[in-house]
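User: Give me a close look at the packing contacts in this one, please. I'd like the geometry and who touches whom, in one go.
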Amino acid sequence: MRSLAIRHRGNEIRTGAAVAEIPAAGRVFPTRREERADKMIGTRMQAALNGQITQELYASQVYLSMCAHFEGEGLPGFAHWMRAQAEEEREHALRIFDFVNDREGQVSLEAIDAPPSGFGSPLEVFEEALGHERKVSGMIGDLYRLAMDEADYPAQVMLQWFVNEQVEEEKTISDIVDRLRLAGDDKSALLMLETELGQRTGDPETGPAG
Ligand code: FEO
């Protein structure tokens, strides 16, 4: 047994406490989050939220691919809207990323699938975007159900923001689809909408808004 030396204001103090009697912090209270049994987020919720981070980053890639398509088509207004949407999806991913960390969980990033490419007309692109958002709404619903099953109230509150956001996103894109259908082959109506979407600006809370 040896005494424990502690430095206090430059002076070394020796105590009678045996070093061997002090449990290693790592064994009593692991600091690595994936090893901690006492963390504030459940294993299933953590895994599901990590999966959603991947989905939001994938959505960002999808919109960036749509942006590239419109740039190539010489439609900078639609391209600008898609770029802003890609940024917003990244913000969504980071919102969940921060939540997992705040709840003492372990964020683990996964591979992101390649986004689609080779899109069609503006109407087809926005229809595809709407279909994508409806899928995401289903995912958020699944996460909310899990948060209820696990009685994870903080996750429920966090996910309520996403439930509202999905309503807004579906409505915004659905409105654009309606207007593109109305425009049909009328190029001046199409260019008017293109110019309008090119004026999309950021929102202080959610990032770029629709
Ligand atoms: Fe993050 Fe558009 O869903």
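Analyst: Let's call two residues in contact when their C-beta atoms, placed from the backbone, lie within 7 Å. Helices are DSSP runs (H or I, at least four residues), numbered from the N terminus. Residue numbers start from 1 along each chain as its sequence is written. Bear in mind this is a predicted model: local features need pLDDT of at least 70, side-chain atom pairs count only at pLDDT 80 or more, and totals for chains, interfaces and linings use all residues.

Start with H5 and H6. Arg179, Leu180 and Ala183 of H5 touch Ala189, Leu190 and Leu193 of H6. That contact breaks down into five nonpolar residues, no polar ones and one charged (nonpolar: Ala, Val, Leu, Ile, Met, Phe, Trp, Tyr, Cys and Pro; charged: Asp, Glu, Lys and Arg; polar: the others, Gly among them). H5 covers residues 153–183 and H6 residues 187–197; their axes come within 8 Å and cross at roughly 155 degrees, so H5 is roughly antiparallel to H6. The axes are lines fitted to C-alpha atoms over the stretch in contact, with angles from 0 to 180 degrees between N-to-C directions; under 35 degrees is roughly parallel, over 145 roughly antiparallel, 65 to 115 roughly perpendicular and the rest oblique.

H6 also meets H3, with axes that come within 7 Å and cross at roughly 40 degrees. That angle is why H3 counts as oblique to H6. H3 passes H6 in a left-handed crossing (the near helix is turned anticlockwise from the far one by less than a right angle; clockwise would be right-handed). On the H3 side you've got Gly77, Phe78, His80 and Trp81, and on the H6 side Glu194, Thr195 and Leu197. The split here is three nonpolar, three polar and one charged.

H3 packs against H2 as well. H2 (residues 43–73) and H3 (residues 76–102) have axes 8 Å apart at about 170 degrees, and are therefore roughly antiparallel to each other. H2 passes H3 in a left-handed crossing, and the contact holds 19 nonpolar, six polar and five charged residues.

As for the helices themselves, the 31 residues of H2 reach 45 Å from first C-alpha to last, close to the 45 Å expected (1.5 Å times one less than the number of residues). H3, with 27 residues, reaches 39 Å, close to its expected 39 Å. Gly74, just after H2, takes a positive phi of about 75 degrees, and Glu104, just after H3, has a positive phi of about 65 degrees.

On confidence, mean pLDDT (the predictor's confidence in each residue, 0 to 100) is 86 for the protein chain, with 78% of residues at 70 or more. Residues 1–23 are below 50, with 16 contacts in the model beyond near neighbours in sequence. Residues 204–210 also stay under 50, with 20 contacts beyond four places in sequence.

Terms used:
Helix = DSSP H or I, 4+ residues; strand = E, 2+ residues; numbered from the N terminus.
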